[in-house]
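User: I am new to this structure and would be grateful for a close look at a single part of it, followed by an account of other parts described in the same terms. Please explain your reasoning as you proceed.

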Amino acid sequence: MPYVEMPKLSDTMTEGTLVKWRKAIGDKISVGDVLAEVETDKAVMELEAFDEGTLKEIYVPDGGKALVGANLALLLGAGEAAPTKDAKPAAAKPAVTPTTGSEKPTATPGEAKAPVAASSGGRVKASPLAKKIATAKGLDLSAIRGSGPGGRIVARDIESQPGGTAARSVAPTISAAPAGKGDRRIALTGMRKIIAERLLASKTQIPHFYLNIEIDAGELLKLRAQTNAHFEQLGLGKLTINDFILKAVAMAAARVPRVNASFAGDAVIEYGDVHLSVAVAVEDGLVTPVIRQAQTKSLREISDTVKDLASRARNKKLKPEEYQGGTLTVSNLGSYGIESFSAVINPPQAMILAIGAIVKKPVVNANDEVVVGQRMAIGLSADHRVVDGAVGAQYLAELRQLLENPVWMLF
C-alpha cells in the first residue's frame, strides 16, 4: 500500500507546492508515470510514480503545499484495501498544509513502519535525489535499507551513510519589529526561505575574506563591438560583456585550480572541471544555474548556454542537475548600474566573483597623462580555509590578463 510522498527534489528543498495533478482518482498507474507537477524552491518538476497500482486517494489538491515527506496520495496495488477511517496518522509524517481546493487529507496509516529492504523484484526503489546523492558519493543502493514507503530509499537514508552530510547547526533567531498600521507582512516563499538559510550559514560558518581589483575594459569593449559586427553579418546572435567575463573566469580558474575547490572538513576538494554557477535574478529571489565544464567551452557555447539556462530559470523550468554542483559562482550587477560590491559565498563553494558596471573615469596612462578610461571593478570573496590571499591575488592577476587582452580567449 504505497503512499505517494512529497519528494525532496533538491538538496535545499523543505517544502513543495503541488502545482497540478496529472492523474485522477481511479487512474491506473505504472512505474515511471508522471503523477503531478511539483514546485520546489527553484523549479517546477515532474513527480514520477515509483510503484504501480490505482490512484485511490488524493490528499493535497492542486495549489496545496506540503512538507517533504508528507503524504500526497494513496496508491493501491491489486488486492489491497484502503486504510480504515480510524487509522491513526503516522507519527513521523510532517503536517500537510493545502492552500486551495476543497479536498481534505484522509486518514493516514497507523504505526510508522521499520525500515525494510529497498529492493523489490530486482529493482531498487529510490527517489531521484537519493540516486543522485548515492552516485555522487559512490554508494551502492542495493546495500542500503530504505526508510520511505514500501522500503523506498530516500535522501536521508543516503545522507546517514558514512561520509554523509553533517547535521545542520541551528541558526540563531532575530525577531523583526512587529508590523504596524500601513506595514505589509509578506510571507516567505520557499526560495526566499532557502536563500535566508544558506546565506546565513555562509556568512556565519565560512571565514570570508575579500580582494578587489579594477581592470581596463577598453579592449574588451572594442573586441565585443568588432565580434558582434561580424556576427550580425552572419546572422548570428550577439555576445554580451558577461559572456566574455564568464569565459575569462573559467579559463583563469583552470589556470589557478585552488580557487575551484571546496572545504570538506578533513580535506580540500579541488575540482577537475570548472562548473560555473551564474547568479540569475528571478521573481522570488535568486537562482544559480551551472555551466558544466565551462573551461572547455567556446565563447559562443558559453553565450548560448547561459542564455538558455537563464531563460528557463526565470520560468522555473530548470532540472536539479542544472542548478546543483557548481564549483564557483559569478554575480554580475553591472547591468543594474552597480559599480562595485562584495558577494556572499555560495556554499559549499570556496569563491564567488562580484562584477560591477563598466564606467568611464579619469585614469593615468603609461605616459603619466590623465585620460578617459573604461574601468570595471571586480570583487573576490573567498573561503580562507581553502584559498589564501596570495592564491586569490594570483587568480585575479590571471583574470585581469584575460579581460585586458580578450583576444587571448579566442584561441
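Analyst: A strand, as the word is used here, is a DSSP run of E with at least two residues, and strands are numbered from the N terminus. The model is a predicted one, and every value below is computed from it.

The part chosen for the close look is strand S23, which covers residues 370-383. Ser381 is one of the residues in strand S23. Its surroundings can be described with a single cut-off: a residue is called buried when its relative accessible area is under 20%. Ser381 has a relative accessibility of 1%, so it counts as buried. A polar atom of the Ser381 side chain lies 2.7 Å from the backbone oxygen of Ala343.

Strand S23 also holds Arg375. The side chain of Arg375 forms a salt bridge with Glu214, and the closest N and O atoms of the pair are 3.1 Å apart. This contact links distant parts of the chain, since Glu214 belongs to strand S14 (residues 208-216) and the two partners are 161 residues apart. Arg375 has a relative accessible area of 18%, and it is therefore buried. Glu214 has a relative accessible area of 30%, so this residue is partly exposed. Side chains of opposite charge can pair when their charged atoms come close.

The salt bridge of Arg375 leads to the wider set, for a search of the whole structure finds 15 salt bridges. Among them is the pair of Arg22 and Glu37, whose closest N and O atoms are 2.9 Å apart. This pair, too, links distant parts of the chain: Arg22 is in the loop between strand S2 (15-21) and S3, Glu37 is in strand S4 (residues 34-39), and 15 residues separate them. Arg22 is partly exposed because its relative accessible area is 38%, whereas Glu37, at 18% relative accessibility, counts as buried. Arg22 and Glu37 are further joined with Glu46 in a network of salt bridges.

Another of the salt bridges is formed by Glu219 and Lys222, with closest N and O atoms 3.5 Å apart. Here both partners lie in helix H4 (residues 218-234), 3 residues apart, or about one turn of the helix. Glu219 has a relative accessible area of 41% and is therefore partly exposed. Lys222, at 48% relative accessibility, also counts as partly exposed.

Strand S4, the home of Glu37, has a pairing partner of its own. S4 runs antiparallel to strand S5 (residues 44-48), and 5 bridges join the two. One pair of bridge partners is Val34 and Glu48, the latter in S5. With 4 residues between them, S4 and S5 form a hairpin.

The same kind of pairing is found in an open sheet of 4 strands, ordered S1-S8-S6-S3, with antiparallel pairing. Strand S1 (3-5) and strand S3 (28-29) stand at the edges, and each has a single partner strand, so one side of each is left without a neighbour in the sheet. S1 pairs with S8 over 3 bridges, and Tyr3 stands opposite Leu74 in S8. S8 in turn pairs with S6 over 4 bridges, where Ile58 has Ala73 of S8 as its bridge partner. S6 (residues 53-58) and S3 then pair over 2 bridges, with Lys28 opposite Thr54 in S6. Strand S8 (residues 71-76) is mostly covered, as 6 of its 6 residues are buried.

Cover of this kind is also seen in a helix. Helix H5 (residues 241-255) has 13 of its 15 residues buried. From its first C-alpha to its last it reaches 21 Å, close to the 21 Å expected at 1.5 Å a residue.

A final region lies at the surface. Val407, Trp408, Leu410 and Phe411 make a nonpolar surface patch of about 460 Å². Val407 is found in the segment after helix H8 (389-404). With a relative accessible area of 39%, Val407 is partly exposed, whereas Ser381 in the chosen strand is buried at 1%.

Notes: Residues are numbered from 1 along each chain as its sequence is written. This is a predicted model: local features need pLDDT of at least 70, side-chain atom pairs count only at pLDDT 80 or more; totals for chains, interfaces and linings use all residues. Side-chain values use heavy atoms; hydrogens and water are left out. Two strands pair if DSSP finds at least two bridges between them. Patches are made of residues with over 30% relative accessible area and no salt bridge: like charges are joined within 9 Å, nonpolar side chains (Val, Leu, Ile, Met, Phe, Trp, Tyr) within 5 Å. Accessible areas come from the Shrake-Rupley method with a 1.4 Å probe; for residues, only the protein chains shown count as cover. A salt bridge is a side-chain nitrogen of Lys or Arg within 4 Å of a carboxyl oxygen of Asp or Glu. Buried means under 20% relative accessible area, exposed over 50%, partly exposed in between (1.4 Å probe, protein chains only). The expected span of a helix is 1.5 Å times one less than its number of residues. A polar contact is a pair of N or O atoms within 3.5 Å; within protein, one must be able to donate a hydrogen and the other to accept it, and residues adjacent in sequence count only if both atoms are side-chain atoms.
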